[in-house]
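Let's take a walk through a protein together, one feature at a time. Have the structure open beside you, so that you can find each residue as we get to it.

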Amino acid sequence: MASAISTAVSREYLLYSHSDLTSLKIYLLTYLLKRPSIPTYAREQLLYAIAVLTKRGIEDYDEQEKRKVMDQMRELCGVSEWGRELAIGLGKALVDEFGMIRGSRVGVSWDYHKRTKEYFESNYLLPLFDLLLNVLHGQYQTHAQSPHYVSTTLADDTRISNHTTSSSNPSFNPKQDPLLLICFSLADKILSWNFERKKEGIMLAGAFAAEGEIIEEDELFESAMTPEFPASWRSYLTNPDVLKMFFALHKLVQGSEMAAHRSRQCLIQLSGLHGELFEDTEQFKAYASIIIEQLMKLMDDLALAYSLPTPIQPQTHGPTLLGVTQMIRRLLTTIPLNILCFVPEAGQFLHSVAQLSATCLREPVRSGYMVDELTWYMEAFDDLLAVWVMLVQNALELCASQPTYSRGMDYQSQSSFDTTGVLGFLAEACNHITATYIETRLEMAKYLVEEEDEDLEGFKDWETYEDQLLGISILARIVPERTIGRLYQCLHERTTYLKKFFGTGVGEENNSLDYLYETTHWLTLISGFVLADSGEGEQPLVPDSMSNLSKELDQVVILTKTILSIFELVSLDPSTIEASHCSPRVAETLFWFVERWGSTYLLLDEKDHSMMSQNIVSAFGRPSSFGEGKAVLDFLIDKIRINFKLWSADSEPLIQIVRTLDSFGKRSALRNGLLESDKFPSLVSYLTDNLNEFPPTTHSGMIKTITVITSGAPDDGIRRKYFELVTNTIEKRFINVLQRPDLAQVYHNGELINDVMNTLEMFDGLAMGSNMLNCILVYEFCARYFESFIKLINIYQNYYEVSLLVLQFFDSFVKYQDFGKLSSEQSQILYNAVIELFKNYFAANSGRQRIGCLEEEEDDPYADICLLLDLLSELMASEFEACGWDVSSRKQPLGDVDVASVVLYGLNLIIPLINLQMLKLPKLCKEYVKLIAHIVEFYPDKLAYQAITPLALFVHNEERKRNSTATVQHLHAPLDKLLSVIMDCLLFKEFNSDMLEPAAEALIALICARRNSYNGLVHTLVSQQNTREFEDRLRDAFTTLQANVPDTLPETVLSRRDVGSFRDVLYTFLMNVRGFLRIR
């Protein structure tokens, strides 16, 4: 009934008189007041109906009626407990309706929603919060059995502080007393309100996107903020009594999971107040002092619970722990460090936070929880870790301007936490946290060994825990000598145990081989993050803290050499008995360490650093700097070869070795170091000669890496020699397959298919290894087999995986080839090969039935279509890359085939295969739109507008049918791009009038699908005119054009009847405006 009332009023509001609607509202409220036993869902629906009526008519009310909205809720609060439940419930409904986040669809414009929200925000939100505080205080008195406080305005009362916040009412039951739960729910909504005048950035009119912030944050360094409240809220939100009351009430409802959750959400928001609420620094400090005091009580409660001899279940205290850490993070993210330093309780508070951080790490291990039960503790630790990282970074900035500080500060006894001691304090706290983290990882290794679960869904530990390890490394570098020393000591112990085991075959008690390997893995992992930064992007430099430490002590060099020495223990000849005890996981981790560490330290150039430690330069630098880096590189080459032999049947360590070599190939110093090494040629020969013995998953990456590295050889003869080592291996395998006389009879043999697929993967690796130094060599070799690849398409037309690898090769070949170095004849050969590829692929697959639901369940659905679309896009881009993306300087091929012909030929074959259901897949849609956008931009004379129209029609009708943009939101940006490109072609570029009809179809479909974006483009174009005359002419012309755009379009391809009138208007429009828009 309530839902029907809301719907009817929304649709037919203007048909009812104002008095009838007012009477209906009063009737519904009276109906509820007389029925305290009405089910909760029915009560809420009726209250939402009242809220809808209020919002829909708020602009028609006079001032007296507007005041009645709050007066009625106050009257309800004075009637009875049930009346207070109705008043607070109505407040919830009003906040939802006026907030534009969960508001009902009431059939009014976005402007109306925005105006009513702003009015509610200015006139009702604060009085509603005042009413809520009074009801909450009444509940506090009831449950805490307080004898006093009878004020009507909490903001001016100071007696709440007389109550003890430690009082608890174990008899609280939300089913028997639901009012407190409803109050917390409303408080959470109000404290999360997104104030209109405080929004950052520009929001497009008409956008009904959700605006609220989510309190639970997933990203380590992402900081959610409490909304910035206006100054008018100051006397409420910064009132010590109000803040203490919320903490006290939270204590009361701990027995109720739902009420405790809602109250925690409120406290998280209250812990991050900022902005105009504080007139000066003193007010900010007073507020921080109160929150710190209350948070310390919560931490004391947690410490007491964790100190009990009986372990607690994480499900019991987990939400509380996570809530407290989020409050801490919200507070310390908000309050500037230079203010926090002068809060008297700050030192003890941060000490408690450090202890809680350690508890989050230690408690699950102490209590013996399984690894999969650590979620609460790890999430809480990640919150606190983000806090410590932020404090460290802020402190370093602070101390850079005030460099004098004392590391020996007694941070627990300081009455004021001054800036001169902040880094010294943080050094002690960070060292404590880092040490605990290392200890915890070593303890957790025991459980990991028992569970025998090395991977989490295929992700490596350095990927799964990257953010956490990055945070720990930042803390460790504050006092690096302690962490480096601790890591060295632990690794030295393990190498001693491993030497003893391999020497005697007997391990130490409580140090099984699996445990030793697991702890070695984690110690190496942590060391890698502490010693070096990620090698992604620019050349990473040695961290200053590591360089400075190495100047005083040799700890950095000693730790690194200790890790490298482990290679000697676990890189054994596979023919020995001891080799059976080696760990592929440790080998993989060691080579990951070499990848991360080597990009920074190995063969480093001291000129890149202002003040580099001579110890590091001597140990790992270039020979020109008298460094031993070349010897280390030779050592690693030996270990690469041994580990390829040792793990020839295990792909994971070998894939990591290939990644390590690939990272070396991207650094000129390391690439040159490999090429100059006497041991590198024998390594390349070994890898290429024995490629058949290694897992197929390593072939493509290995060929690519060797090709890239060897392309940097200083001499053309050496470069060709290395290249022939690679290509001879590939050619031998490929010819052995193609020249088999019985190929037509045995092509379906499983072993032969594997050989074909492995060889195609090698060709793909070779194609990906192409660069400006070797592109001609790669082209000359691969071009010899273009016809053979196409032949495989026909032979293996019923083997999808083989055809997919052929398509992958051509896609990689076009993507990585430097077309600027190819002759016209060579380009012609490739263009003709691509045409033949398309012709044969579609001929071979013409009868193939695609079952959409099965395709979409694959890991890479419609992979062949995506590859073909990407191939055409890359082929088109290649022509313009060769001439600097200048269309006017486009090379004209000598033959009859050009890029445009190839692309449009392929597109005409692909488009019939793509349906609207397939375009729901983001990857395929992205490739499709990228190709179409390139065609529109570079080949308007051969424009395939028919490829754009179905996509725009699909989006338009999908949104219209579902009354929602959620299902096609991923298509909005691509369509906006296409709309912009087409408008640019129609208005500013040469345009063939023969293309007017398909252009009109595409444009009208795009306008209907993206009206807001179209209006934005029109507004921009009009505002850019330099004379009033042109501005008026263009505006009038667009108005006439817009008048001929219908509200809806059919779901199928448009007919002449659908666009005939629009085409004529578009023609007139272009004749009117192109004359003054196009300038030459």
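What follows is a tour of ring pairs, charged pairs, a surface patch and a few single residues.

One thing to keep in mind from the start: this is a predicted model.

Let's begin with the aromatic rings. A pair of aromatic rings is described by the distance of the centres and the angle of the planes. In this structure there are 50 aromatic pairs. Take Phe 789 and Phe 809 as an example: their ring centres sit 4.6 Å apart and their planes make an angle of 50 degrees, so this pair is called tilted. Why tilted? Planes under 30 degrees apart would count as stacked and planes over 60 as edge-to-face, and the rest are tilted. Now look at where the two rings come from. Phe 789 belongs to helix α35 (residues 786–795) and Phe 809 to helix α36 (residues 800–816), so the pair ties together parts that are 20 residues apart in sequence.

Are these two residues buried or exposed? Phe 789 has a relative accessible area of 0%, so it is buried. Phe 809 is also at 0%, and it counts as buried too. The cut-off behind that word is simple: buried means under 20% relative accessible area. The two rings have company as well. One aromatic cluster is formed by Phe 734, Phe 763, Tyr 779, Phe 781, Tyr 785, Phe 786, Phe 789, Phe 809, Phe 810 and Phe 813. Try picking out those ten names on the structure one by one.

Next come the charged side chains. Side chains of opposite charge can pair when their charged atoms come close. The count here is 39 salt bridges, and we'll visit three of them.

Start with Lys 446 and Glu 443, whose closest N and O atoms are 3.6 Å apart. Both residues are in helix α17 (residues 422–451), and because they are three residues apart there, about one helical turn separates them. Lys 446 is partly exposed, with a relative accessible area of 37%, and Glu 443 is partly exposed at 34%.

You can find a similar arrangement in helix α37 (residues 824–844), where Lys 839 and Glu 836 lie three residues apart, about one turn of the helix. Their side chains meet in a salt bridge with an N to O distance of 3.4 Å. Lys 839 has 40% relative accessibility, so it counts as partly exposed. Glu 836, with a relative accessible area of 32%, is partly exposed as well. Salt bridges can also share partners: Arg 1028, Glu 1031, Asp 1032 and Arg 1035 are joined into one network that way.

For the third salt bridge, go to Asp 870 and Lys 815, which meet at 3.3 Å, N to O. This pair links distant parts of the chain, with Asp 870 in helix α39 and Lys 815 in helix α36, 55 residues apart. Which partner is buried and which is partly exposed? Asp 870 is buried, since its relative accessible area is 6%. Lys 815, at 36%, is partly exposed.

Charges can also gather without pairing up. Glu 463, Glu 466, Asp 467 and Glu 536 form a negative surface patch. Glu 463 is found in helix α18 (residues 461–464), and with 39% relative accessibility it counts as partly exposed.

Let's turn to the backbone now. Leu 603 has a phi near 55 degrees, which is a positive value in a residue other than glycine. Leu 603 lies in the loop between α24 (584–601) and α25 (614–620). At 7% relative accessibility, Leu 603 counts as buried. Tyr 862 also has a positive phi, about 50 degrees, although it is not a glycine. Look for Tyr 862 in the loop between α38 (852–857) and α39 (863–881). With 3% relative accessibility, Tyr 862 counts as buried.

Our last stop is Ser 357, in helix α15 (residues 346–367). Ser 357 is buried, with a relative accessible area of 0%. How far apart are Ser 357 and Tyr 377 in sequence and in space? The two are 20 residues apart in sequence, while their C-alpha atoms are 9.4 Å apart in space.

Technical notes:
Residues numbered from 1 in each chain as written. Predicted model: local features only at pLDDT ≥ 70, side-chain atom pairs only at ≥ 80, totals over all residues. Heavy atoms only, no water. Patch = residues over 30% accessible without salt bridge, like charges linked within 9 Å, V, L, I, M, F, W, Y side chains within 5 Å. Areas by Shrake-Rupley, 256 points an atom, 1.4 Å probe, with all protein chains shown as cover. Salt bridge = Lys/Arg side-chain N within 4 Å of Asp/Glu carboxyl O. Lys, Arg positive; Asp, Glu negative; His and termini not counted. Charge placed at Lys NZ, Arg CZ, Asp CG, Glu CD. Helix = DSSP H or I, 4+ residues; strand = E, 2+ residues; numbered from the N terminus. Buried < 20%, exposed > 50% of the residue type's maximum accessible area, 1.4 Å probe, protein only. Phe/Tyr/Trp six-rings, centres within 6.5 Å; stacked < 30°, edge-to-face > 60°.
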